[in-house]
Amino acid sequence: MTSPNEPTAGPCVIVIFGASGDLTKRLLVPALCHLQSFKLLPKSFAVVGVARTKADDAALRDQLGKAARELGKIEDAVWKDFEQNIFSCSGNYDDPETFKRLGDLLARLEKERGTAGNVLFYLATPAEAFAPLVEALGKAGLLREEGEQWRRVIIEKPFGRDLASAQELNQRLRAALREEQIYRIDHYLGKETVQNLLVFRFGNALFEPAWNRNYIDNVQITLSETLGVEGRGKFYETAGALRDVLENHVFVLLALICMEPPNILQGNGLRNEMVKVLEGIHPFENPDAVFANSARGQYGGGKVEDKKVVAYRAEKNVAPDSPVETYAALRLEVDNWRWAGVPFYLRTGKALAQRSTRIVVEFKTTPLMLFACGEGPVPPGPNRLIFDIQPQQSITVHFRGKTPGAGMHTQRVAMDFDYCQFDDNPRANGYETLLYDAMMGDNTLFHRADLVEAAWKIATPVLEAWATRTPKDFPNYAPGSQGPASADELLARDGRRWWTQSEKNPTPSSSE
Ligand code: BG6
């Protein structure tokens, strides 16, 4: 949604809690620099980094600049302009003095830089700090909006670790903030190719008539990563693949594929329809239902693309007998008029063969096959619509075509659209758009309280059932593979298989 044609955001300060953390260095600061090079940041602007680690302005600028340049993400000229906007406020989050100093700094920036008292707080901290931080900001009077000025808070994920904790967090946030001030972020909603799902579905008439149980056989959503946990063991031991990725990023993709057309996108239009999808998924009623409709896995040691991967259990801060899953798959059904009976297969995992986020919509076959006299070099399979979200950014339609030559042999052929066709191929990771939207006061692409709770209503029974049975077969998949065999069995029970074709153009795949 961000492009150089958008208006510049109004005056404000962004206060980042967790300024010395990975998220700030790797994602937030580069995203703000991109906004700066698009001239979308306000003229009256500042970034305040709050962290426990002591650092003055110069030291913080240095630290963030070094990290950004090491990642190769920022041009020197852009950084030079940008770094003048960075200010440091070190201190402990449980010390009222930190908030007093922060208040003084905000007042100074308002006076010296004309930031108009508008502040966007970004909580890029471990999740346990979210509620105490908001409460401390409230106590210090920093969330109060006077006159035209605004105060907003972006909350990172994980938003709770199950339904009860998400409800409690919502309650605590709402004791200090209006719902409109709360921006629960899921960076997947900021990605171009994810937003394009909305345009594809609701900006075109071609596919909509077939977008339902009468024509669609099944939908598969995959978010696979080649990287392992990479030193994030401490966090990952409290999360696992279901909490870390499936319950949020993958559910967002599911909601966009399944939702009804909203009357309008802005405000609650989109969010109402997304919530309805998740509320239409009936949580599994007992552990048997969970085990029949899910699979989990954990990677052992090995290699992904010639790069050595240490087994998850051998990572730092991971228990040697850890039951935490690095792979999760679910089979869900959306119980509504449009989708009843259509299985949705979702999976995510670390240390897998490909980095790929992809949605595959498989259509039903024709009622009568006229061309059964033999198959051409690429077996046709069903019609498929494939949305490649990243790193490939494309949409491909698979259909049946005639193999040239004598006879009526048929094979799979494809039509595709690739984002590379745009000169300005979008490289944004999602944070640019969402930071800009939050500065503009547009919460369309942020989660509302009921959406996060609806997601946890589906995920919590799965986590609870899994917790009752320690997985005896962990580690059960090799790095660089497609994941555990149990995930294949999940589809095999329905007479289906995961679509794993990694090539853009149709070529015969060994398993077809
Ligand atoms: C984050 C998870 O939310 O999403 C990470 O915590 C995961 O574990 C990442 O790697 C994936 O995001 P992206 O944009 O790289 O697909």
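This passage describes the ligand site, a group of paired strands and several individual residues of a predicted model.

The ligand is surrounded by Lys157, His187, Tyr188, Lys191, Glu225, Arg232, Asp244, His249, Lys350, Arg355 and Gln390. By residue class, this shell divides into 7 charged, 3 polar and 1 nonpolar. Among the polar approaches to the ligand, a side-chain N or O atom of Glu225 lies 2.5 Å from one of the ligand's oxygen atoms, while a polar side-chain atom of Lys157 is placed 2.7 Å from a ligand oxygen. For Lys191, the separation between an N or O atom of the side chain and an oxygen atom of the ligand is 2.7 Å. Taken on its own, the ligand has 390 Å² of accessible area, of which the protein covers 81%.

Two residues of this shell, Lys157 and Gln390, also take part in cis peptide bonds. Lys157 is joined to Pro158 through a cis bond with omega of about 0°, and Pro158 is located in the loop that runs between β5 (151–155) and α6 (163–176). Gln390 is likewise linked to Pro391 by a cis peptide bond, for which omega is about -5°, and Pro391 belongs to the loop between β14 and β15.

Strand β14, which spans residues 384–390, is mostly covered, with 7 of its 7 residues buried. The strand is paired with β13 (residues 356–363) in an antiparallel arrangement that comprises 6 bridges, and within this pairing Phe387 of β14 is the bridge partner of Ile359. Strand β15 (residues 394–402) also runs antiparallel to β14, to which it is joined by 5 bridges; here His398 of β15 is the bridge partner of Arg384. The strands β14 and β15 form a hairpin in which 3 residues lie between them, and Pro391, the residue that follows the cis bond from Gln390, is found in this loop.

Two residues other than glycine adopt positive phi values. Lys39 has a phi of about 60° and is situated in the loop between α1 (22–37) and β2 (45–51). Lys39 counts as exposed because its relative accessibility is 62%, which is over the 50% cut-off for that class. Glu230, for which phi is near 50°, is placed in the loop between β7 (216–224) and α8 (233–236). Because its relative accessible area is 46%, Glu230 is classed as partly exposed, a class that lies between the limits of 20% and 50%.

Buried positions were examined in two loops and one helix, beginning with Thr115 in the loop between α4 (96–113) and β4 (119–123). Thr115 has a relative accessibility of 1% and therefore counts as buried, the cut-off for this class being under 20%. When neighbours within four places in sequence are set aside, the contacts of Thr115 are with Pro11, Cys12, Val13, Ser44, Phe45, Leu109 and Glu110.

Gly18 is located in the loop between β1 (12–17) and α1. With a relative accessible area of 11%, Gly18 is therefore buried. Apart from its neighbours within four places in sequence, Gly18 is in contact with Thr24, Val50, Tyr93, Ala124 and Thr125. One of these residues, Tyr93, is 75 residues from Gly18 in sequence, and the C-alpha atoms of the two are 9.9 Å apart in space.

Ala459 lies in helix α13, which is formed by residues 449–468. Ala459 counts as buried because its relative accessibility is 1%. Its C-alpha atom is separated by 7.9 Å from that of Arg243, although the two residues are 216 residues apart along the chain. Once neighbours within four places in sequence are left aside, Ala459 is in contact with Leu242 and Glu247.

Terms used. Residues are numbered from 1 along each chain as its sequence is written. This is a predicted model: local features need pLDDT of at least 70, side-chain atom pairs count only at pLDDT 80 or more; totals for chains, interfaces and linings use all residues. Side-chain values use heavy atoms; hydrogens and water are left out. A residue is near a molecule or strand if one of its heavy atoms lies within 4 Å of it. A polar contact is a pair of N or O atoms within 3.5 Å; within protein, one must be able to donate a hydrogen and the other to accept it, and residues adjacent in sequence count only if both atoms are side-chain atoms. Accessible areas come from the Shrake-Rupley method with a 1.4 Å probe; for residues, only the protein chains shown count as cover. Ala, Val, Leu, Ile, Met, Phe, Trp, Tyr, Cys and Pro count as nonpolar, Asp, Glu, Lys and Arg as charged, and the others, Gly among them, as polar. Buried means under 20% relative accessible area, exposed over 50%, partly exposed in between (1.4 Å probe, protein chains only). Helices (H or I, at least four residues) and strands (E, at least two) are DSSP runs, numbered from the N terminus. Two strands pair if DSSP finds at least two bridges between them. Contact means heavy atoms within 4.5 Å.
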